[in-house]
Amino acid sequence: MREYSTPIDYRRMESLLRDFEPSFDFEPTAQITEAEYSDRIERLRREATVAGLDALLVHSSLVGWYHTSNPFLRYLCDWMREGVLILPTDADLAPELLSFWTESAVVPPGGEPLLVGEIWQVSPFGRESVDRPGSPLHKTIDACVGVLSRLGLAGGQLGLIGDDTAATFFAGLREELPRTGFANATDMILRMQRIRSSAEIDIVRSAGELIGIGWEALCHVARPGVTDYEAYAAFSYAQMARGGETGDGYQIGANRYGTLCGKPYGHVLTEGDLLNLYISNVTYLGYCAQAARMMVIGTATDQQEEVLEMTVDAVRRAEQLIKPGVKFSELHDAAFEAYVERGYLKSKETRTMPFNWEAMPDGSPRPVPRQYVPDADWEAQGRRLMHVWPAAPGPHNPNLGHAIGMPKLPQYNVASHNTDRMEPGMVFVLHAQWVDPLVAGSNLGDLYVVTETGFENLTCRTSIDPYRTEKSA
């Protein structure tokens with residue numbers, strides 16, 4: 001039986017949110033209209049026409065825990081599962097969808113694909129699953145060849161849109177269609193992710209509000225004696241109960257240094273802990289928001305307070321510069337000037353900046369320092385922490401942030417070498433980080449959209465200032 005350092009009261013766990021009320025009401029955003037999906041397909045068809053392509057094949061695979069390997073199909077036709085979309089360049093030919101080639105199943109809603117003509121169900125095959133000969137991959141290739149041949153597209157020029165999981169599928173198509181031309185067209189859909197429409201921004205704003213409600217719920221329950229499981233569950237329940245699509249899009253950690261970032265493991269919040277909630281994404285209607293928050297459980301050391309203050313200062317310096325025409329590098333430099341002034345960095349340049357996961361200066365692997373680190377909650381489960389994490393001091397990454405929109409589609413970073421200028425409709429996160437192993441850590445940030453005259457903070461419902469629990473008597 002799994003043991004913990006202190007007994008867990010499961011009845012208490014389910015009662016912690018009994019009196020919780022968020023500080024604002026969440027009003028669900030409307031679905032994106034069919035007309036906007038039609039416009040996306042029209043734009044993609046036009047780009048394919050200019051490139052001399054007769055059709056586009058858009059591939060999305062299924063990876064662990066029923067997630068797709070990319071959101072391309074959801075972006076084009078609101079299909080949230082795996083499949084291959086055959087999109088003829090000719091507007092008189094309706095797109096066709098091949099899907100269901102794994103043992104997983106979904107019965108819409110959610111997910112009746114929009115603007116799709118025929119949907120073809122490819123069965124799972126194999127002796128263990130259905131005791132029938134065949135391969136789902138090969139059957140999907142055969143089905144795709146059949147649709148292309150029927151539409152008169154076999155032997156033409158095809159654009160391929162997908163990620164690394166599509167390699168074997170696309171290779172099989174090449175073998176079956178030796179007289180057909182193939183070109184990588186993934187950049188076409190990636191370019192469409194750079195600027196968000198007003199409807200998309202509305203959804204991302206709602207996802208940002210879910211972050212705010214989740215954080216307030218976590219703050220409602222957090223205090224000495226509460227476990228990281230309970231804190232994570234409170235955040236997850238509050239945002240998912242209002243329409244959040246997943247509860248695994250963020251990391252949480254609490255220890256005496258503020259340097260832990262991972263998944264809950266049974267740690268009991270203790271006076272002097274710093275809790276780090278890195279909300280990598282909360283997804284709503286297919287779009288995600290990102291933010292980062294810190295919590296001081298009681299008290300923090302002077303150095304920890306300095307790091308917390310520095311990261312807040314960094315975000316606010318950068319935030320003031322957000323407006324059309326300003327370079328992303330200017331935001332990066334303004335933020336990291338707060339680090340240079342305090343002596344934490346010598347340079348603001350991304351290429352020279354230390355960061356937690358960097359290799360050795362010559363590019364060789366960096367050894368993770370081997371050292372016993374006491375952790376009573378981990379040791380109560382029969383384990384020991386024998387390495388110091390992270391391996392090197394600095395920010396998590398040597399930049400200030402990156403684009404946000406649909407999961408797994410970062411298009412640009414807020415870094416010293418990114419001299420692109422901001423445009424209205426760009427959505428990105430600014431998160432200032434500093435983690436010094438066994439000393440101090442902070443990760444604080446908000447999500448922004450560039451407007452015609454400046455910016456809007458999409459995660460403004462809660463503050464980036466660290467939340468502080470009451471000190472124990």
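1. Let's start with a small detail: a polar atom on the side chain of asparagine 457 lies 2.9 Å from the backbone nitrogen of threonine 459. Bear in mind that this is a predicted model. The asparagine 457 side chain also makes a polar contact of 3.2 Å with the side chain of aspartate 446.

2. Where does asparagine 457 sit? You'll find asparagine 457 in strand β18, residues 455-457. Its relative accessible area is 13%, so asparagine 457 counts as buried. Leaving aside residues up to four places away in sequence, asparagine 457 touches Glu319, Asp446, Leu447 and Tyr448.

3. Next, have a look at strand β1, residues 55-60, where six of six residues are buried. In a regular strand, side chains alternate between the two faces of the sheet. Both faces of β1 are covered, with Ala55, Leu57 and His59 buried on one side and Leu56, Val58 and Ser60 buried on the other.

4. Which strands pair with β1? One is β7 (residues 157-161), which runs parallel to β1 and shares four bridges with it; there, alanine 55 is bridged to leucine 158. Another is β4 (residues 83-88), which pairs with β1 in the antiparallel sense over six bridges, and here leucine 56 has leucine 87 as its bridge partner.

5. Helix α10 (residues 302-319) has 18 residues, so at 1.5 Å a residue it should span 26 Å, and its end C-alpha atoms are indeed 26 Å apart. Its buried residues include Val307, Leu308, Thr311, Val312, Val315 and Ala318. Among the elements covering the buried residues of α10 are β10, β11, α11, β16 and β17.

6. On to the rings: there are 13 aromatic pairs. One of them joins tyrosine 4 and tyrosine 229 edge-to-face, at 6.1 Å centre to centre with 90 degrees between the planes. That pair links distant parts of the chain, as tyrosine 4 is in the segment before α1 and tyrosine 229 is in helix α9, 225 residues apart. Tyrosine 4 is partly exposed at 23% relative accessible area, and tyrosine 229 is partly exposed at 22%.

7. Tyrosine 344 and tryptophan 434 also pair edge-to-face, at 5.4 Å and 85 degrees. Tyrosine 344 is in the loop between α11 and β12 while tryptophan 434 is in strand β16, so this pair ties together parts 90 residues apart in sequence. Both tyrosine 344 and tryptophan 434 are buried.

8. Ring pairs also connect Phe328, Tyr412, Phe428, Tyr448 and Phe455 into a cluster. Finally, two charges over rings: the charged end of lysine 263 sits over tyrosine 250, 5.9 Å from the ring centre, and arginine 461 lies over the face of phenylalanine 24, 4.3 Å from the ring centre.

How values were computed: Residues are numbered from 1 along each chain as its sequence is written. This is a predicted model: local features need pLDDT of at least 70, side-chain atom pairs count only at pLDDT 80 or more; totals for chains, interfaces and linings use all residues. Side-chain values use heavy atoms; hydrogens and water are left out. Helices (H or I, at least four residues) and strands (E, at least two) are DSSP runs, numbered from the N terminus. Buried means under 20% relative accessible area, exposed over 50%, partly exposed in between (1.4 Å probe, protein chains only). A polar contact is a pair of N or O atoms within 3.5 Å; within protein, one must be able to donate a hydrogen and the other to accept it, and residues adjacent in sequence count only if both atoms are side-chain atoms. Contact means heavy atoms within 4.5 Å. Two strands pair if DSSP finds at least two bridges between them. The expected span of a helix is 1.5 Å times one less than its number of residues. Rings of Phe, Tyr and Trp (its six-membered ring) pair if their centres lie within 6.5 Å; planes under 30 degrees apart count as stacked, over 60 as edge-to-face and the rest as tilted. A charge sits over a ring if NZ of Lys or CZ of Arg is within 6 Å of the ring centre and within 35 degrees of the ring normal.
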